[in-house]
Amino acid sequence: MSRISAPRSARGVAAPADVVNPDVVESLVREFASNWKAGIEQINRNVLSYFSNFRNGMEILKQVLTQLLLYYTRFQDVIRKVWRGKPPSFCKDLVSTSVILAEIKKHALAI
């Protein structure tokens, strides 16, 4: 998700809507919604192949997936703060954090 830099004010205070490009945000939301599950599976495969020590690999996988969830939650918070009054139509495409968390748990327990 390197296509957009978060405005400085996104670190605690909502950025004005005129600073955030709605087309870019919509593109990010839709791209994440269509690719997040495959991305988690790819991360899982990579960590398991790159780290021969199973215990270390699992700990790294948990930390990476936790960080992904944290960043996505922050992204959702920015969207909510920027469009407080009326959320844009693309908000219906946001993936619920509980769905992502369930997928993360599935990968953590499957190994």
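User: Helices (H or I, at least four residues) and strands (E, at least two) are DSSP runs, numbered from the N terminus. So which helix is Gln76 found in?
Analyst: Gln76 is found in helix α2. A word on the source: this is a predicted model, where local features need pLDDT of at least 70 and side-chain atom pairs count only at pLDDT 80 or more, while totals for chains, interfaces and linings use all residues. Residues are numbered from 1 along each chain as its sequence is written, and side-chain values use heavy atoms, with hydrogens and water left out.

User: Thanks! How many helices and strands does the chain have?
Analyst: The chain has 3 helices and 0 strands. Along the sequence, that reads α-α-α.

User: Back to Gln76. Buried or exposed?
Analyst: Gln76 counts as buried because its relative accessibility is 7%. Buried means under 20% relative accessible area, exposed means over 50%, and partly exposed is in between (1.4 Å probe, protein chains only).

User: And what is Gln76 in contact with?
Analyst: Leaving aside neighbours within four places in sequence, Gln76 is in contact with Leu94, Val95 and Thr97. Contact here means heavy atoms within 4.5 Å.

User: Where does Thr73 lie, and how far is its C-alpha from that of Thr97?
Analyst: Thr73 lies in helix α2 as well. Its C-alpha atom and that of Thr97 are separated by 7.0 Å, although the two residues are 24 apart along the chain. Thr73 counts as partly exposed because its relative accessibility is 27%.

User: What about Ala33 and Val95, how far apart are their C-alpha atoms?
Analyst: The C-alpha atoms of Ala33 and Val95 are separated by 6.0 Å, with their positions 62 residues apart along the chain. Ala33 is found in helix α1 and touches Asp93 and Val95, not counting residues up to four places away in sequence. At 29% relative accessibility, Ala33 counts as partly exposed.

User: What share of the chain's contacts comes from residues that far along the sequence, say 24 or more positions apart?
Analyst: They account for 70% of the contacts with a separation of 6 or more.

User: Let's look at α2 itself. How many residues has it, and how far does it reach?
Analyst: Helix α2 covers residues 54–82, which is 29 residues, and reaches 42 Å from its first C-alpha to its last. That is close to the 42 Å expected at 1.5 Å a residue; the expected span is 1.5 Å times one less than the number of residues.

User: What caps its N-terminal end?
Analyst: Asn53 does, with a side-chain oxygen 3.0 Å from the backbone nitrogen of Arg55.

User: Which α2 residues are buried?
Analyst: Among them are Gly57, Met58, Leu61, Leu65, Leu69, Ile79 and Val82. Tyr72 and Phe75 are both buried too.

User: Ooh, aromatics. How many pairs does the structure hold?
Analyst: There are 3 aromatic pairs. Rings of Phe, Tyr and Trp (its six-membered ring) pair if their centres lie within 6.5 Å; planes under 30 degrees apart count as stacked, over 60 as edge-to-face and the rest as tilted. Tyr72 and Phe75 have ring centres 6.1 Å apart and planes at 40°, so that pair is tilted. Because they are 3 residues apart in helix α2, about one helical turn separates them.

User: And why is Trp83 with Phe90 called edge-to-face?
Analyst: Their planes are at 90° and their centres 5.7 Å apart, so the pair is edge-to-face. Trp83 and Phe90 are both buried.

User: Which residues form an aromatic cluster?
Analyst: Phe32, Tyr72 and Phe75 form one.

User: Last topic: how many residues are in the largest nonpolar core?
Analyst: That core has 23 residues, and Val25, Phe75, Ile79 and Ile100 have the most contacts inside it. A nonpolar core is a set of buried Ala, Val, Leu, Ile, Met, Phe, Trp, Tyr and Cys residues joined through side-chain atoms within 4.5 Å.

User: Which element gives the most to this core?
Analyst: α2 does, with 8 residues.

User: And what does Ile79 touch?
Analyst: Ile79 touches Val25, Val29, Phe90, Cys91 and Leu94, not counting residues up to four places away in sequence.

Note on methods. Polar contact = N/O pair within 3.5 Å; in protein donor to acceptor, adjacent residues only side chain to side chain.
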